[in-house]
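Biologist: Please give me a close look at the aromatic and other nonpolar side chains of this model, in one connected account with the cut-offs stated.

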Amino acid sequence: MRSTARAGWWQNGTFFLYLLGDVNAGGPLSDKVGDLQVTSNIEAPKAFKIYEFWYEHRFADGRLSLLAGLHDFNSEFDVLEYAGLFLNSSFGISPDISQVGPSIFPTTAPALRLKAQPGAGTYLLAAIYDGRPGDPELPRRNHLHTPGENGAFTALEAGVLRGKAGSADYVKLGIGGWVDTAGAEDFTGTRHSFNHGVYLIAEKTLFTTGEDGQGLGAFVQFGFADPQRNEIGRYWGAGLNYTGLIPGRDHDVAGIAVASARNGDHFLHFMQTAQASAFERAETVIEATYLAELRPWLNVQPDVQYVIHPGTDPALDDALVAGARVQVTF
């Protein structure tokens, strides 16, 4: 990130460059589990590429800003601080949105984003993205399309945001909606040029026990996508995390959460009648995790997830996924 003022150019501008190098080994974990929601939120093809590259300019003492460039929708939309602890992808970008393939990890698209603070403790986000980021045939490369070639993914989110996560007065409540005009085939093979959905997110600090962010926080997520065009018609998620649960471990965070992606009635009816296959109503994941700060620059996070009805396919057994993530800050 580079401030234009610090560079001696002009005031109120920021350039941002994010290079992504993914070296995941052993193949996608979701291929082994067969899940819809993806147990690892960093699962991606092996690649080294530009992930985000944008310029943002701020107006009205920072209460208004305009951003242009390669931008991750989920870096600002559908975001909850307390949900960010968990490793399952649904606690980042909910599956009712990710199923349509917007500008999210690991491939982004050109965008224009407007951000505003209409009043104290309120926010408004509006953005328009290229409808289909990258090239599905070449997932390791960035690919920019001709404007209008692939339609657009448009989103709006508004809400209340007060305090900071971990503080006693912290609360966030947001409602958003999206429209996708990129055009895609639904589960019946019918092509549609219009798709849409809405979502609701909320989180709050329930109580604090110290002066350094210790305490309990909670979050909930709800998502709804057009059931006539999408496999996942509804989604809900909820979780708790506690900072400083173990005495003397003030910066460790323990958490438990549940995510449920639910098939729409039209998808279930089609699979039952057209393919003689009875799918389950929902895939549900229960995740328990613990983020341990071993050094100021080193975190280790053991994680366990239990996936019920992976892929909503009755032929697949429930799955227990256990592992650990290591974070090193240079």
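Modeller: The account below starts with one helix, goes on to ring pairs and ends at the surface.

The model is predicted, so local features need pLDDT of at least 70 and side-chain atom pairs count only at pLDDT 80 or more, while totals for chains, interfaces and linings use all residues. Residues are numbered from 1 along each chain as its sequence is written, and side-chain values use heavy atoms, with hydrogens and water left out.

Helix α3 has four buried residues, Phe-267, Leu-268, Phe-270 and Met-271. They share one side of α3, since their arc around the axis is only 165 degrees; the arc is taken over the directions from the helix axis to the C-beta atoms. Buried means under 20% relative accessible area, exposed over 50%, and partly exposed in between (1.4 Å probe, protein chains only). Helices (H or I, at least four residues) and strands (E, at least two) are DSSP runs numbered from the N terminus. The buried residues of α3 pack against β14 (253-263), where contact means heavy atoms within 4.5 Å. On the face turned away from that buried side, α3 carries the exposed residues Asp-265, His-269 and Thr-273.

The whole structure holds 22 aromatic pairs. One of them is Trp-9 with Phe-15, edge-to-face at 6.3 Å centre to centre and 80 degrees between the planes. Trp-9 is exposed at 52% relative accessible area, and Phe-15 is partly exposed at 29%. Phe-270 of the helix pairs with Phe-187 in a tilted arrangement, 6.0 Å centre to centre and 50 degrees between the planes. This pair links distant parts of the chain, 83 residues apart: Phe-187 sits in the loop between β9 (184-185) and β10 (191-192), and Phe-270 in α3 (residues 265-274). Both Phe-187 and Phe-270 are buried. Rings of Phe, Tyr and Trp (its six-membered ring) pair if their centres lie within 6.5 Å; planes under 30 degrees apart count as stacked, over 60 as edge-to-face and the rest as tilted. Phe-16, Tyr-18, Tyr-51, Trp-54 and Phe-105 form one aromatic cluster.

At the surface, a nonpolar patch of about 670 Å² is made by Leu-173, Ile-175, Val-198, Leu-200, Val-220, Phe-222, Phe-224 and Trp-236. Patch residues have over 30% relative accessible area and no salt bridge, with nonpolar side chains (Val, Leu, Ile, Met, Phe, Trp, Tyr) joined within 5 Å and like charges within 9 Å. A salt bridge is a side-chain nitrogen of Lys or Arg within 4 Å of a carboxyl oxygen of Asp or Glu. Strand β12 gives the most to the patch, three residues. Phe-224 lies in β12 and is partly exposed at 41% relative accessible area.

Key: Accessible areas come from the Shrake-Rupley method with a 1.4 Å probe; for residues, only the protein chains shown count as cover.
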